[in-house]
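Reader: I am new to this structure. Please take me through one part of it closely, the sheet of chain B.

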Amino acid sequence: MTETIKTDALIVGAGPVGLFAVFELGLLDIKAHVLDILPKIGGQCSELYPEKPIYDIPGFPSITGQGLVDNLMKQIEPFSPTFHFNEQVEQLESLGTPEAPLFRVRTNGDLTFEAKVVIIAAGGGSFQPKKPPVPGIEAYENTSVFYAVRKMESFRGKRVLIVGGGDSALDWTLNLAPIAERVILMHRRDEFRAAPHSVNSMRELVAAGKMDLTLGQMTGLKGEGGELSAVTVKANDGSIHDIACNRMMPFFGLTMKLGPIADWGLNLHENLVPVDTEKFETNVPGVFAIGDINTYPGKLKLILSGFHEAALAAQKANRYIFPDKKVVFQYTTSSSSLQKKLGVG
Amino acid sequence: MVKITFIDAAGQSRIVEAEEGSTVMETAIRNDVSGIEAECGGACACATCHVYVDDSWVEKLPKAESMEEDMLDFAYDVRPTSRLSCQIRVTAEIDGLVLHTPEQQG
């Protein structure tokens with residue numbers, strides 16, 4: 001059992017809205033830990049459109065997704081939040097009362113938190129590997145079909161089919177080629193999105209006869225009892241053939257799924273979390289939902305709406321965490337105490 | 001108005017009106033055309049607005065750029081006629097365009 005991390009606030013999701021929540025909580029002296037399933041901050045802004053300009057952030061006629069995330073990181077620096085990446089919340093358990101909430105939160109990476117408030121800023125849900133819609137693939141998942149490599153050793157001596165043309169596909173091709181019996185890389189075309197040096201290394205291995213490259217698309221799986229024996233492939237000339245393999249790793253990018261949030265005892269409406277518009281609190285006192293993940297009458301899925309929601313949720317969180325503190329509303333432009341917290345003035 | 005025909009995997013066809021300057025994906029979403037998801041909202045980042053261009057139109061559309069080809073790697077059952085509808089701009093020239101939506105957007 002690992003040590004429990006105690007915190008005032010746990011923010012689920014390190015996208016723009018989760019990051020801004022750190023700021024709003026910080027002004028109220030509330031410390032936050034932030035979790036994300038991705039290995040980096042920024043959520044959709046960094047994952048889907050880092051280079052695309054956003055035109056509707058107040059005060060920024062145009063700013064890129066990554067630019068906004070970088071600015072937010074600078075803005076929350078004074079509050080030094082603790083980030084935990086590659087973590088997905090699996091379980092949320094209430095230990096407190098509606099007046100004094102307390103939650104035990106467990107992640108898939110074996111982290112345990114005790115948080116007085118939980119702020120869900122999970123956007124479209126958690127980014128998860130896209131599963132190819134090949135009939136019966138579930139039967140092979142985690143025995144023969146893997147979407148990520150947890151232990152490289154488990155591929156030793158196996159015939160591994162890797163499907164895809166991006167960095168993940170190429171990186172694992174190069175990493176597993178020396179330990180697998182054989183690595184076969186399959187892609188739909190002879191052009192790769194991956195970094196050119198990885199593509200060159202892969203082509204050298206192919207030329208040296210140390211691995212195979214085949215062009216085509218997967219249409220079916222063969223095997224028994226979760227043990228894969230072959231993948232049926234449609235080649236680009238339309239012909240169908242089988243590739244013998246006992247491990248397969250498809251890399252088709254990421255998609256967003258609500259994930260375990262569905263099991264936290266929260267009311268849901270069409271995969272969104274209904275909240276009130278005063279505090280952006282869910283049906284569970286002390287659990288807030290802000291940004292794209294929430295819904296309420298008139299909801300707009302805009303980053304600016306998420307910022308507003310973060311500010312109001314922080315006010316209510318303040319009352320839970322510091323029930324005896326006198327609430328004085330202050331402006332960062334004029335309050336010397338807020339400026340002290342921000343390390344300015 | 002430019003007219004676009006969407007034919008779904010079951011063969012059901014629908015004609016919708018498209019505004020010049022918008023994209024085919026936006027037109028599909030605005031008209032609730034089934035089979036187009038557009039998870040990323042048009043950032044060319046998800047491949048869930050995948051369509052097949054009808055054979056009669058393949059030669060008439062501008063070719064896909066490399067970013068679109070890259071993103072098509074994430075789609076399923078990609079064919080030579082595959083396109084991402086967020087990358088097809090509605091112009092007067094494409095009036096009468098016929099597209100087929102795939103069985104699944106992955």
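Author: Here is a close look at that sheet, with its surroundings after it. This is a predicted model, in which local features need pLDDT of at least 70, side-chain atom pairs count only at pLDDT 80 or more, and totals for chains, interfaces and linings use all residues. Residues are numbered from 1 along each chain as its sequence is written, while chains are lettered from A and ligands numbered from 1 in the order in which they are written.

The sheet of chain B is open and has 5 strands. Their order is S2-S1-S5-S3-S4, with mixed pairing. Strands here are DSSP runs (E, at least two residues), and helices are runs of H or I with at least four, numbered from the N terminus. Two strands pair if DSSP finds at least two bridges between them. Strand S2 (13-18) and strand S4 (82-84) of chain B are the edges, each pairing on one side only. On average, neighbouring strands are turned by 40° against each other, direction ignored. That angle is taken between lines fitted to C-alpha atoms; angles run from 0 to 180 degrees between N-to-C directions.

Now one pair. Strand S3 (residues 50-53) of chain B joins S4(B) in the antiparallel sense, over 3 bridges. B:Val51 faces B:Arg83 in S4(B).

How confident is the predictor? pLDDT is its confidence in each residue, from 0 to 100. Chain B has a mean of 92, and 99% of its residues reach 70 or more. Strand S5 (residues 97-100) of chain B is highest in that chain, at 97. Helix H2 (residues 66-72) of chain B is lowest, at a mean of 90. The model scores ipTM 0.83 and pTM 0.80.

Definitions and conventions:
pLDDT is the predictor's confidence in each residue, from 0 to 100.
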